[in-house]
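New to this one? Take a moment with the model below, and then we'll walk through a few of its features together.

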Amino acid sequence: MLYDIIIVGAGPAGLTAAIYAGRANKKVLVLEAKTYGGQIINTPDIENYPVEEHISGFDFATKIYNQAKNLGAEIVFEKVIEIKDLGKEKEVVTNKNTYKTKTIILATGSENRKLGLPNEDELVGKGISYCATCDGAFYRKKTVAVVGGGNTALEDALYLSNLVEKVYLIHRRDEFRGEETTVNKLKEKDNVEFIYNSNVTKLNANEKLESIEVTNKDGNIQTINVDGLFVAVGRIPENQNFAKVINLDESGYIVAGENCNTNVDGIFVAGDNRVKEVRQLVTATSDGAIAATEAIKYINQ
Ligand code: NAP
């Protein structure tokens, strides 16, 4: 069996690619290591996707999954461990099978880097968030902290400062990695307090987050009462298994422009695992449409 398109990853980018490929009558296989939906499945309420004013991440993911299936995509839950470029044909090796295909779309997304604190996972949705634009509205007029020093942390803090009562911005150094202009905007805000040279070392919770323990470089500990902690300490793209074939940048993202073409003919990328500025649901689905269109063009040429 030779597939037209194998899509690696059943998140919004991969499933949108499957919808476009299915509508073009292509033979499509989607391979997913975990569950369908990608990271959006953990978002309680999506408010920033056009048309749907409110939809849970689970409902969004289920709808898009069914839509892709109904358009003929075969969706199989296996972990891709290797891809091979054999010229006109490609091979995709999973933990169970080897598949042959004319094209591949890599839509594996990225994972949030975590702080690694013991109860961090169980508090997701109960005070811990990795996405201010997704979850910020739940903390209107409350007190939150943001941890991180890159552009995401700075922009999250700025976004939240317009919604919440108070934002603590906690960074492990005294210099930010993110842009100075955003730092300056934050300094103008009355409700943003900077905490430098410090790490979040403990999450205190009773069903939901109540306070955080913050330890500075001299070992001094303070406890800060917060309703929410936004963790913005970077992301880890899930591209390690493609690195032998596909060019990655120094942070591990697939090097590709807006046309979603990689360095290999017939292999495309869609979504958060490629180099890009805005990593949002709507840009992931957009990439899925573009990558599928490019793959179809490649097959038909
Ligand atoms: P990032 O630039 O990699 O920054 C991660 C931050 O988290 C760094 O400040 C790092 O501290 C800190 N950090 C890492 N591990 C930590 C840990 N275990 N505990 C505490 N702090 C930790 O990640 P990002 O902010 O998500 O940005 C990713 C990329 O997207 C960047 O290239 C960024 O410029 C880009 N981006 C651009 C925009 C924009 O242009 N509008 C918006 C958002 C993101 P150190 O600084 O000490 O290493």
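Let's begin with a bit of vocabulary for helix angles: under 35 degrees counts as roughly parallel, over 145 as roughly antiparallel, 65 to 115 as roughly perpendicular, and the rest as oblique. Keep in mind that what you're looking at is a predicted model.

Now to a pair of helices. H1 packs against helix H6 (residues 281–300) at an angle of about 40 degrees, and their axes are 7 Å apart. H1 and H6 are therefore oblique to each other. As for handedness, the crossing of H1 and H6 is right-handed.

H1 also turns up in the second largest pocket, which holds about 190 Å³ of space. Helix H1 (12–23) and helix H2 (57–70) each give at least two residues to its lining, and the largest share, 4 residues, comes from H2. In total, 13 residues line this pocket, and those nearest its centre are Ile19, Tyr49, Phe60, Ile64 and Gln67. Here's how the lining of the second largest pocket splits by class:

| Class of lining residue | Number in the second largest pocket |
|---|---|
| Nonpolar | 8 residues |
| Polar | 3 residues |
| Charged | 2 residues |

Finally, have a look at two strands. E4 (residues 80–86) and E5 (residues 89–94) run antiparallel and are joined by 6 bridges. One pairing to pick out is Ile83, whose bridge partner in E5 is Val92. Together E4 and E5 make a hairpin, with 2 residues between them. In the turn sits Gly87, which has a positive phi of about 85 degrees.

Definitions and conventions:
Residues are numbered from 1 along each chain as its sequence is written. This is a predicted model: local features need pLDDT of at least 70, side-chain atom pairs count only at pLDDT 80 or more; totals for chains, interfaces and linings use all residues. Side-chain values use heavy atoms; hydrogens and water are left out. On a 1 Å grid over the protein atoms alone, a cavity is a set of points where a 1.4 Å probe fits but cannot get out, and a pocket is an open set with protein on both sides within 12 Å along at least five of seven lines; lining residues have an atom within 4 Å of a point. Grid points are joined across faces, edges and corners, and a volume is the space filled by probe spheres set on the points. Ala, Val, Leu, Ile, Met, Phe, Trp, Tyr, Cys and Pro count as nonpolar, Asp, Glu, Lys and Arg as charged, and the others, Gly among them, as polar. Two strands pair if DSSP finds at least two bridges between them. Axes are lines fitted to C-alpha atoms, for helices over the stretch in contact, and angles run from 0 to 180 degrees between N-to-C directions. A crossing is left-handed if the near helix is turned anticlockwise from the far one by less than a right angle, and right-handed if clockwise.
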